[in-house]
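User: I have two chains open and want to learn how to read the interface and the sheet. Where do I start?

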Amino acid sequence: MIGSANLSAWFPEWASTHAPDVDVPFFDIYVVSACALVVTVGLAVVFLRTYRRQDGDPDRMPAQGNNKLLLGVWVLAAVSLGVYAFQLGLAGYVAQDVAPYGATEIGVTAREGRWDFTYPDGTVTDTLRVEVGQPVHLTLTTADVAQNLSIPAMRVQQPILPGRTTEAWFETIAVGSFPIHSGTFSALTQDSLATAVISLSTADYDAWVAAVGDIFAGRTMAEVGELLYNQQGCKACHSLDGATVVGPSFKNVYGFEFLTTSGETITADDAYIKESILTPNVSVIDGFQPVMTPYAGKLDDREIEAIIEFLKTLSERGHAAGQEGK
Amino acid sequence: MENVTQPADNEALRRSFLGAPDGVAEWFQTTDHKRISLMFLGWTAGAFLLMMIMAIVPIMKTLGGPGMSTRLLLETLTYQRFLQVIAWLVPVLPGVLGFFLLPLQLGAANMAFPALSRCSLRFYVLGLVLMIGTLGTFPVGTGWTLDTQLSQLDPGAFGVLMFALFFLGLSWFLTGLNFIVTVHHGRREGMGFFDLPMTAWGFYLYGYLLVASGLVFAILVLYLAASWVTTDGMFGWLADPMLWRTYFWFALRPVVFFSLIPGVGIVSDVISGLARKPSTGYRTMVGSLIALTGIAVISYGASLFGQGLSPAGGLVFSFLSLLAVVPAALISFTWLSTLYRGSITCAAPANFSLAFILHAGLASLLGLFLASPVLGRYLGATMFVSAQLDYLVWGAGTAALLAGLHYWWPKMMGRSYNNDVARIGAVLYIFGLNLALIPRVLMGSKGVPQDLAGIVPGSLHLAEISSLGWLFVYCGLAVVAGNLLVTVWGKDAAERNPWGATTLEWTVPSPPPDDNFS
């Protein structure tokens, strides 16, 4: 292939396996079409200078036909250029559409002023962290207007359209940080959404996954509780504002007294809440159905403690009761 | 150019279309194709001048302009493109040179529908004034492609702007209709289709694109306005944005990207006129233009690369748009072989024709990159696309107009211009434009998004080079325009046929009398 010259003047550095698929065809077409332009414009300039009107030229020059052989060669050259441009990089075009088996699945949502990247374990970040040598498969959606996922260093350019899901994939070959932008001014944010791909070595990536996997790191117990409330499906049935959905609201539960379906009066203290999470359908508050999924084996004691701390922050009696508890 | 310096023949001028009856009312009411052409020249030049002033804002922004709000930049970019494409690139050649030359080249006294010509001009002016009105009061900042959801969110005078675009589209439609009927019914006795000059062929074929695109575009913007009012419907908040994008490019791709067709016609006549010999391949040229017109209609999907076109659709439209290499090769070959062994008058029209060949060639070759499936996907939403459009607007379209104006100016105004000054302007313009646009092509391949939404680190020096180029372009165009303008008050009367050309328009006095041939 012709395109083995220094590419750095035209393209960002090669950071993904897609880079050669784009850059090599680009340079091949560049060289060939530059030649075509130089020949055409060059001949026009040469003819303009050579066949200047001289004194003694007749008023009109004789008519002439096109040279059929030359014309044939010229058209054939142009057709070859077209065919060349079409087939060049066709394999790369197809390859860019089909993500390899075993790629890490990451959900991407463009929304008012930020990107959300959702990893398989449910972690959400605003920068895209990837592991060198491991393909990632991106599923793209937008929460408001049409956007573009543009990662020039990865040669990824994919529109994101409202009401549709689009896809892209890439595999990094270099460690570093590479810009991402949305390519569209948003009428909402008045700016292009900019963030970065952070490509990490395997060791660094594993360390990062372990760090974000530890939900207690850098969070208070109540914050962990709120995270679990959102992640574990509690929010589907228990509101935080006092509204009754399927189960009782979490507002003003901790420390309050309730009547159960069996007629007992219980106080929602640490022990009762722990029991209600692990074996929820044993002692049910009056007026509700015993339909909750038991969480025994899904949450450990420390996580349940965190949820209790979270419930305390939602209860008028939570603060005082919390003091007594300690 | 061979000037004959002589006192202006006031008697000839008085009897020409420029002479009495003179006055605002006469010009306002006129249905004369030559007067309408001059008024089109004035209004399109005004639109272009406003666009040139506005273009300074994004140039300053890429250089890190101080304290500029993104909203201002968005609005500027939106109106800049509207003025460039809707009010300049598409209507300028038909409006100015088409209206002036078509009846003269056919041997007719006027267009087939004289009142419709006046209508074209009035709708154009109405649309332009409405558009500038929204710019001055409640500007819209959606970007010129008017994406569905962005349109819904826009706080500006969106409905009024849509009516402005509606009238501009209607003006294209009426112009195209007039051209087609004039060519069919206005030809002098005995003149067949294959006796038409290339310029007439170019405008005739572009007429079909104007009819189709103008009408579809005018109707589409009304639907968009209705969706904006009701927030619902075809292009409402919940609509699929691909629906609008597909319709938009279906309507605009033919007239915008194939605005080269009338340009090719004009440049063919200029080249064959300056070389003082007939075109070497008249039928080849006509066939190529017909083929280009056909390809124009079916290749609209090529503007959807990187915009959400499906992978299979990408392959289909890549193939369809690459078909254009065949007519492009035939056209360039015919030009070169017409120049070969000619007796060429190296005057300003030659410089501008060369500019057209260079810029149209560059626009087409950038199109070759975009038509390659894998590159189209990567480059389809970057500055690369903007640079290609800029090559069409500032490059090919403007160069074709200037080539035509300098070639026919002696006929239009009956005055000679200073050839050396025009050529200096041409060199400044060509040099500056490429200095301005090649860095933008480079920014595109580096991944800078098309609407200047962000600056990739390291591209600031490219923006600096580019803005230096714009300085040359502005100087060059000022020199060229000033040089033509001063001839209006000048004393250099032009010959009837300074280039020794054989088409009919050169047989009438300069400037032509009111009813052309009597």
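Analyst: Start with contact, which means heavy atoms within 4.5 Å. Keep in mind that this is a predicted model.

User: How many residues of chain B and chain A are in contact?

Analyst: On chain B, 82 residues are in contact; they meet 72 residues of chain A.

User: And how do I turn that into a size?

Analyst: Interface size is often quoted as the accessible area lost when the parts come together. Here about 6,900 Å² is buried between chain B and chain A. Carbon and sulfur atoms give 70% of that area.

User: Which three residues supply more than any other three of the area that chain B buries against chain A?

Analyst: They are F333(B), R377(B) and Y378(B), with 11% of the area on the chain B side.

User: What about charges and polar pairs?

Analyst: For a salt bridge, look for a Lys or Arg side-chain nitrogen within 4 Å of an Asp or Glu carboxyl oxygen. There are 3 salt bridges between chain B and chain A. One of them involves R377(B) and D97(A), whose closest N and O atoms are 3.2 Å apart. Polar contacts across this interface come to 22 residue pairs, both residues at pLDDT 80 or more.

User: Which helix gives the largest share of the side of chain B that touches chain A?

Analyst: That is α14(B), with 10 residues. Several helices of chain B each supply at least two residues, including α5 (70-106), α14 (325-339) and α18 (419-445). By class, this side of chain B has 46 nonpolar, 25 polar and 11 charged residues.

User: Now the sheet. In which order do the strands of chain A lie?

Analyst: Read a sheet strand by strand, then ask who pairs with whom. The order in chain A is β3-β2-β1-β5-β8, an open sheet of 5 strands with mixed pairing. β3 and β8 (166-170) of chain A have a single partner strand each, so one side of each lacks a neighbour in the sheet.

User: How do β1 and β2 of chain A run, and how many bridges join them?

Analyst: They run antiparallel, and 5 bridges join β1 (residues 104-111) to β2 (residues 114-118). To fix the register, take bridge partners. R111(A) stands opposite R114(A), and G107(A) has T118(A) as its partner in β2(A).

User: What happens on the other side of β2(A)?

Analyst: β2(A) pairs with β3 (residues 124-125) of chain A, antiparallel, over 2 bridges. T118(A) appears again, opposite V124(A) in β3(A). This hairpin has 5 residues between the strands, and G122(A) takes a positive phi near 95 degrees.

Note on methods:
Residues numbered from 1 in each chain as written. Chains lettered and ligands numbered in written order. Heavy atoms only, no water. Pairing = 2+ DSSP bridges. Helix = DSSP H or I, 4+ residues; strand = E, 2+ residues; numbered from the N terminus. Buried area = accessible area lost by both parts, 1.4 Å probe. Polar contact = N/O pair within 3.5 Å; in protein donor to acceptor, adjacent residues only side chain to side chain. Nonpolar A, V, L, I, M, F, W, Y, C, P; charged D, E, K, R; others polar.
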